[in-house]
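This briefing covers core packing, strand pairing and charged side chains. Keep the coordinates open while reading.

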Amino acid sequence: METKIVKGIVLREAEYRESDKILTVLTESGKIIVTARGVKKPTGKNLSLSSLFVYSEMTLNLQNGKYYLAGGSLIESFYPLREDLERLSLATAFTEITSYLSENGEDAAFMQKLLLNCLYFLCKKEINIDLVKAVFEAKCAEYSGFFPEFEGCDLCGEMTEKMYFEPEACELTCRRCAEDTNAFLQVNMNVLAALRYIGANGLLKAVKFTMNERDLRTLSNVTESILCAQLGRRFESLDYFKKLRI
Ligand SMILES: [Zn+2]
């Protein structure tokens, strides 16, 4: 029997049989399915390693092409997420998006690092939740293709006090060039500056700025629309998070 040691975070847990769990685990080299046998028994070991969001060093046994959890040590449980419904539901959306973006093993290391950092930010109450969401979405969009520069109107180059963003085409236009402003997201100078700041900085610096709540909401609407337009899909858990906040 082959044994393997991996550092992984649980993206999904499903009950299986009476006392087992089937885990989707993101490692640096890709997603794997791990069966955690007997973890729900009163005597079961490894329960602390078999919950959603838990990051640990896992010892896995490989039998007939399947991974079984043999043991391991907890690195981070992200426990504070379980004490706040909004943060919990956003963290769940992060895991769904991460799972989608790490189908290709080559992207797993980047996505694992991004997810771990953003879950860590979500555990910090002093960091605004919309800011964490915007930074996560912007970095996902940038990594999986493209994040706009927001330097001026895409049609004439001008910058007016109010600008308009059209998510489908990822196009920023000024008041004069915007034809049907009803379909556009209106963005002010604060939001544009924040979008440029996030685009220009690494993850740890990108979450370090303050802005009023209303502009932060707009910021996170823009980053979400960029990501969803780019991937050509929406995420159920992200829609659920938005419903919670209306
Ligand atoms: Zn223009």
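Is Lys133 buried or exposed? Lys133 is buried, at a relative accessible area of 1%. The model is a predicted one. The points below start with this lysine and its partners, then move to the nonpolar cores and the strands.

**Salt bridges in helix α3**

- The structure contains 14 salt bridges.
- Lys133 pairs with Glu137, with 3.1 Å between the closest N and O atoms.
- Both residues belong to helix α3, which spans residues 129-143. They sit four residues apart, about one turn of the helix.
- Glu137 is buried, and its relative accessible area is 1%. Buried here means under 20%, and Lys133 has 1%.
- A salt bridge also joins Glu142 to Lys139, at 3.7 Å from N to O.
- Glu142 and Lys139 are three residues apart in α3, again about one turn of the helix.
- Glu142 is partly exposed at 35% relative accessible area, whereas Lys139 is buried at 6%.

**A salt bridge between helices, and the network**

- Glu224 forms a salt bridge with Lys242, and the closest N and O atoms lie 3.3 Å apart.
- Glu224 is in helix α6 (residues 213-231) and Lys242 is in helix α7 (residues 236-244), so this pair ties together parts 18 residues apart in sequence.
- Glu224 is buried, with 2% relative accessible area. Lys242 counts as partly exposed, at 33%.
- Side chains of opposite charge can pair when their charged atoms come close.
- A network of salt bridges links Lys133, Glu137, Glu224, Arg234, Asp239 and Lys242.

**Nonpolar cores**

- The largest nonpolar core holds 62 residues. Phe78, Phe94, Leu119, Leu122, Phe150 and Leu219 have the most contacts inside it.
- Helix α2 (residues 108-123) is the top contributor to this core, giving ten residues.
- Domain 1 (2-76) and domain 2 (81-244) both supply residues to this core, so it lies between them.
- Another core lies apart from it and has 13 residues, including Leu23, Val39, Leu49 and Met58.
- Which residues does Leu122 touch, leaving aside those up to four places away in sequence? Leu122 touches Leu81, Arg87, Leu90, Ala91, Phe94, Ile129 and Val132.

**Strand β6 and its partners**

- Strand β6 covers residues 163-166, and both of its faces are covered.
- Met163 and Phe165 are buried on one side of β6, and Tyr164 and Glu166 are buried on the other.
- In a regular strand the side chains alternate between the two faces of the sheet.
- How many bridges join β6 to strand β7? Four bridges connect β6 to β7 (residues 171-174), and the two strands run antiparallel.
- Leu172 in β7 stands opposite Phe165.
- β6 and β7 make a hairpin, with four residues between them. In the turn, Cys170 has a positive phi of about 55°.
- β6 also pairs with strand β8 (residues 185-187), in the antiparallel sense, over three bridges.
- Gln186 in β8 is the bridge partner of Tyr164.

**Points to check in the viewer**

- For charge placement, look at Lys133 and Glu137 in α3, both buried.
- For the partly exposed members of salt bridges, look at Glu142 and Lys242.
- For the domain boundary, look at the core to which domain 1 and domain 2 both give residues.
- For backbone geometry, look at Cys170 and its positive phi in the turn between β6 and β7.

Terms used: Residues numbered from 1 in each chain as written. Predicted model: local features only at pLDDT ≥ 70, side-chain atom pairs only at ≥ 80, totals over all residues. Heavy atoms only, no water. Core = buried A, V, L, I, M, F, W, Y, C linked by side-chain atoms within 4.5 Å. Buried < 20%, exposed > 50% of the residue type's maximum accessible area, 1.4 Å probe, protein only. Domains from an automatic or database assignment. Contact = heavy atoms within 4.5 Å. Pairing = 2+ DSSP bridges. Salt bridge = Lys/Arg side-chain N within 4 Å of Asp/Glu carboxyl O.
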